[in-house]
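User: Please take a close look at one part of this structure, and explain step by step how its pieces fit together. I am a first-year student, so plain wording would help.

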Amino acid sequence: MSKSSLRILYLTSCWPGGASFGGQLRALHIGRALQQMGQVTVAVVSSDGATPELTTSTAAEFAVDPAIRVNPQPNQGILQRLRWAFDPHFLNVHGCVANPEDRSRLLRRFKEFDLVWVLNSRTPNILNEWDWPGAVLDLDDVPSMYQRSLWQNGSGWREKWKAGVQMQLLRRRERFWRKRFSVLSVCSEADRQYLGGGPRIHVIPNGFERPAREPRRQPADPPRLGFIGLYSYAPNREGTEWFIRSCWNEIKQQVPDARLRLVGKDTDGQFKPQAPDVDALGYVADPAAEIATWSAMIVPVLHGAGTRVKIADAFSRKCPVISTQLGAFGYEVQTGRELMLADQPADFVNACVALLRDRAAATAMADRAYAAFLEKWTWDAIAPRVWAAAEDCLRLRRAVERDLNHR
């Protein structure tokens, strides 16, 4: 797509030039796709500090506005809690709000832009702004879907009951997204249908950068299973703890010299697993060489929302994958074709052991996943979907402006 004079304001909750994790990767690559349409100005709405390193790395690719500081403002008293539950126009649903001066400065700038793109549903609420005409809301996850997964897979009736109530309250709020924004985008067709479908909801899947050359794997001996992800994020940590508690000992009985490698921020922190033959490596800036030594990647996610970037990450590196159904949510895949799917501990164990023992079958499966990745989940393949959502929003905005001029 040829670059035009389009002016785009891109609101995110994380720095596109920051340390790599799922949300950062989506922020970066959506921004790059928009940059092919016009001039992108990034404004970060976050409680994380705007360090010189983050600002400089982001400014290497985009124009950067001053960050919008976020202050805690917990809801207190029965009235505010009732408003949170039943008043969809009450926007302090996260217990924090944008700094008033920063908010006013940002809102004044809206008229300077042709398109506003907002990443995730927290951002517009933290800015305490209800109406977003001429804007795209890009949902990296749907909050009520997270609660639905807890309602379905919670460990006890109290957790399930609480999640069920939260799910219904959040769904009520989510019904208003179409009124607040011109266009919505989600990560999967399943999310699109969950929100009611229709032409104003676009599917922009998560993906991963296409490698410069075809990956070459060198599985280690003794064999390794690996996990990658932010360990302070509860679904990552709880899923890995489930795997270690429910699957790892049985795998070790069948493949005694196997090791489990954990990569990601906080894997070596306070929640570091204390289990035999588990190596917690912490944050690794470039994990390519490490992942190339794994016999397979595990994605034992038991609850969450959206789609896992780590699936596309593994496919891009020709690393075989064993995942729960939820871990692979949103990807058009079949067990035994691109990856192995298992939800019960015994099935997860069997899938891991099978791939550890049969490297030829694991390699053939990873090759099929790599071919699917090149077709559907590189950011180059995804970029036209970003452009389509942006152009749809611009078309709707122009139609509204024409109607107003004819009155």
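Analyst:
**A sheet and its surroundings**

Phenylalanine 227 stands opposite leucine 262 in S11. The model is predicted, and this pair of residues is a convenient way into one of its sheets. Strand S11 covers residues 259-263, and strand S10 pairs with S11 in the parallel sense over five bridges.

Next, the whole sheet. The order of its six strands is S12-S11-S10-S13-S14-S15; the sheet is open, and the pairing is parallel. At the edges are strand S12 (278-282) and strand S15 (340-341), each of which pairs on one side only.

Now the neighbours of S13. Strand S10, residues 224-228, is joined to S13 by two bridges, again in the parallel sense. One position shows how they line up: leucine 225 has alanine 296 in S13 as its bridge partner. S13 also runs parallel to strand S14 (residues 321-323), and three bridges connect these two. Here methionine 297 stands opposite valine 321 in S14.

Which residues of S13 are buried on one side, and which on the other? Ala296 and Ile298 lie on one side, Met297 and Val299 on the other, and all of them are buried. Strand S13 (residues 296-299) is therefore covered on both faces, given that buried means under 20% relative accessible area. The order of the residues fits a general pattern. In a regular strand, side chains alternate between the two faces of the sheet.

A helix also belongs to this picture. Helix H13, residues 345-357, lies across S10, S13, S14 and S15. The helix runs at about 175° to S14. One of the residues in helix H13 is aspartate 347. Is aspartate 347 buried, exposed or partly exposed? Its relative accessibility is 42%, so aspartate 347 counts as partly exposed; that class lies between the 20% limit for buried and the 50% limit for exposed. Aspartate 347 is also 9.3 Å from cysteine 247, C-alpha to C-alpha, although 100 residues separate them in sequence.

For contrast, here is a part built from helices. Two packed helices are described by the angle between their axes and the distance between the axes. For helix H6 (residues 143-153) and helix H7 (residues 157-174), the angle is about 155° and the axes are 8 Å apart. H6 is therefore roughly antiparallel to H7, as angles over 145 degrees count as roughly antiparallel. The crossing of H6 past H7 is left-handed.

The contact involves residues from both helices. On the H6 side they include Leu150, Trp151 and Arg148, and on the H7 side they include Met167, Leu170 and Arg171. By type, the residues of this contact comprise six nonpolar, six polar and five charged. Within H6, the residues Ser144, Met145, Gln147, Ser149 and Leu150 are buried. Their cover includes H7 and helix H9 (189-194).

Strand pairing elsewhere can take another sense. Strand S4 (residues 68-72) pairs with strand S2 (residues 38-46) in the parallel sense over two bridges, with valine 45 opposite isoleucine 68. S4 also pairs with strand S5 (residues 96-98), but in the antiparallel sense and over three bridges. Valine 70 has alanine 98 as its bridge partner in S5.

Terms used. Residues numbered from 1 in each chain as written. Predicted model: local features only at pLDDT ≥ 70, side-chain atom pairs only at ≥ 80, totals over all residues. Heavy atoms only, no water. Axes fitted to C-alpha atoms, helices over the stretch in contact; angles between N-to-C directions. Helix = DSSP H or I, 4+ residues; strand = E, 2+ residues; numbered from the N terminus. Parallel < 35°, antiparallel > 145°, perpendicular 65-115°, else oblique. Left-handed = near helix turned anticlockwise from the far one by under 90°. Contact = heavy atoms within 4.5 Å. Nonpolar A, V, L, I, M, F, W, Y, C, P; charged D, E, K, R; others polar. Buried < 20%, exposed > 50% of the residue type's maximum accessible area, 1.4 Å probe, protein only. Pairing = 2+ DSSP bridges.
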